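Reader: I would like a close look at a single part of this model, with its surroundings. Please take one helix and follow what lies around it.

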Amino acid sequence: MPSLLDGLLTEIGRVAIFAKDLALATRDFLRKRRQGRRGDFLLLIEQLETIGAKSVPVVLVTALFTGMVLALQASLTLEVKLKGVTQFIGRTVALPFIRELGPVLTGLIVTGRIGSAIAAEIGTMQVTEQIDALKSLATPPMRYLGAPRLLACLLMLPLLTVMADVVGLLGGFLVARLQIGISATQYFSDIPEMLSLADLWSGLGKTLFFGGIIALISCYEGFKTSGGAEGVGRATTQAVVVSSILILISDYFLTAFFALLA
């Protein structure tokens, strides 16, 4: 047990040091960007496309059917136990989706799609000594590889979450309309009565932390990869598992924090 605890604390310390280095590299990246470095701008655009635009289909499909399931549960299951709940189906879908399901599902989906790709790409460069080649060319690997991915995650997670929230609500409306005949006016007019700006900001605020977690853990696992192809596979798995667990754990504490601010 002591050795396990020591290993855990050592790993946390390494991640903390890596987070500091990544933050400094990101600051340097932004400074270079303001100086008009075209290459840095293209790196960021490429990551925005990879992390944001290419994740849109899978995020929206997940959000659509999650919203439909929530509405179906409310119209079939909850109505049996709580008579009259279907008249509040709009808020039944909107509140949990915007506060929790939208941010968390988006974070987990992006973790599976992007976190694994980041770890695999950087890990492959590590085991094939491409990162050493960058150092020999006086190109800081952390600024070249880590900073654009961190910035892209921080920028795109909130946008993806907003799209997921909208599509999730539309999915709920489709089921409410087709299953129990709820009108659009009845469905959507009920939502503002339940939601507040605090609910919206808490959901979007979480995505910034989730984006940071995905980029940090994925880059960390990639940079510490060793052992050839087997090591790359191990790093990819670790990145997805650890990021997913941290997203779920941090969601609890972030929910408690935003509840105190409300």
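Author: The expected span of a helix is 1.5 Å times one less than its number of residues. The model is a predicted one, and the part chosen here is helix 10, residues 228-261. Helix 10 has 34 residues and should therefore span 50 Å; its end C-alpha atoms lie 47 Å apart, which agrees with that figure.

Next comes the side of the helix that is shielded. A residue is called buried when its relative accessible area is under 20%, and exposed when that area is over 50%. In helix 10 the buried residues are G231, V232, A235, T236, A239, S243, S244, I247, S250, D251, L254 and F258. Helix 4 (89-127) and helix 9 (197-223) are among what covers them.

Helix 10 also borders open space. The largest pocket has a volume of about 310 Å³. It is lined by 15 residues, of which L8, E11, I217, V242 and L246 are the closest to its centre. Helix 1, helix 9 and helix 10 each give two or more residues to this lining, and helix 10 gives the most, with six. By type, the lining of the largest pocket is made up of 12 nonpolar residues, one polar residue and two charged ones.

Aromatic rings come next. A pair of aromatic rings is described by the distance of the centres and the angle of the planes. The count of aromatic pairs comes to seven. In one of them, F18 and Y220, the ring centres are 5.5 Å apart and the planes stand at 70°, so the pair is edge-to-face. Because F18 belongs to helix 1 (residues 2-34) and Y220 to helix 9, this pair ties together parts that are 202 residues apart in sequence. F18 counts as buried, at 8% relative accessibility, and Y220 does too, at 7%. The rings of Y252 and F253 form another edge-to-face pair, with centres 5.2 Å apart and planes at 85°. Y252 and F253 are both exposed. As for F18 and Y220, they form one aromatic cluster together with F223.

Helix 4, named above as part of the cover of helix 10, has a further role in enclosed space. Rolling a probe the size of a water molecule over the atoms shows where empty space is left. Across the whole structure, one cavity of 30 Å³ or more is found, and the largest cavity holds about 40 Å³ of space. Its lining consists of V59, T62, A63, F97, L101, G102, L105, T106, I109 and A164. Helix 3 (56-81) and helix 4 are the elements that give two or more residues to it. Helix 4 gives the most, with six residues. Of the residues lining the largest cavity, seven are nonpolar, three are polar and none is charged.

Beyond helix 4 the chain enters a loop that leads to helix 5 (130-136), and E129 has its place there. Most residues other than glycine have a negative phi. E129 is not a glycine, yet its phi is positive, at about 65°. With 54% relative accessibility, E129 counts as exposed. A138 is likewise a residue other than glycine with a positive phi of about 65°. A138 sits in the loop between helix 5 and helix 6 (141-180), and its relative accessible area of 66% makes it exposed.

Definitions and conventions:
Residues numbered from 1 in each chain as written. Predicted model: local features only at pLDDT ≥ 70, side-chain atom pairs only at ≥ 80, totals over all residues. Heavy atoms only, no water. Helix = DSSP H or I, 4+ residues; strand = E, 2+ residues; numbered from the N terminus. Buried < 20%, exposed > 50% of the residue type's maximum accessible area, 1.4 Å probe, protein only. Contact = heavy atoms within 4.5 Å. 1 Å grid on protein atoms, 1.4 Å probe; cavity = no way out; pocket = protein on both sides within 12 Å on 5 of 7 lines; lining within 4 Å. Points joined across faces, edges and corners; volume = space filled by probe spheres on them. Nonpolar A, V, L, I, M, F, W, Y, C, P; charged D, E, K, R; others polar. Phe/Tyr/Trp six-rings, centres within 6.5 Å; stacked < 30°, edge-to-face > 60°.
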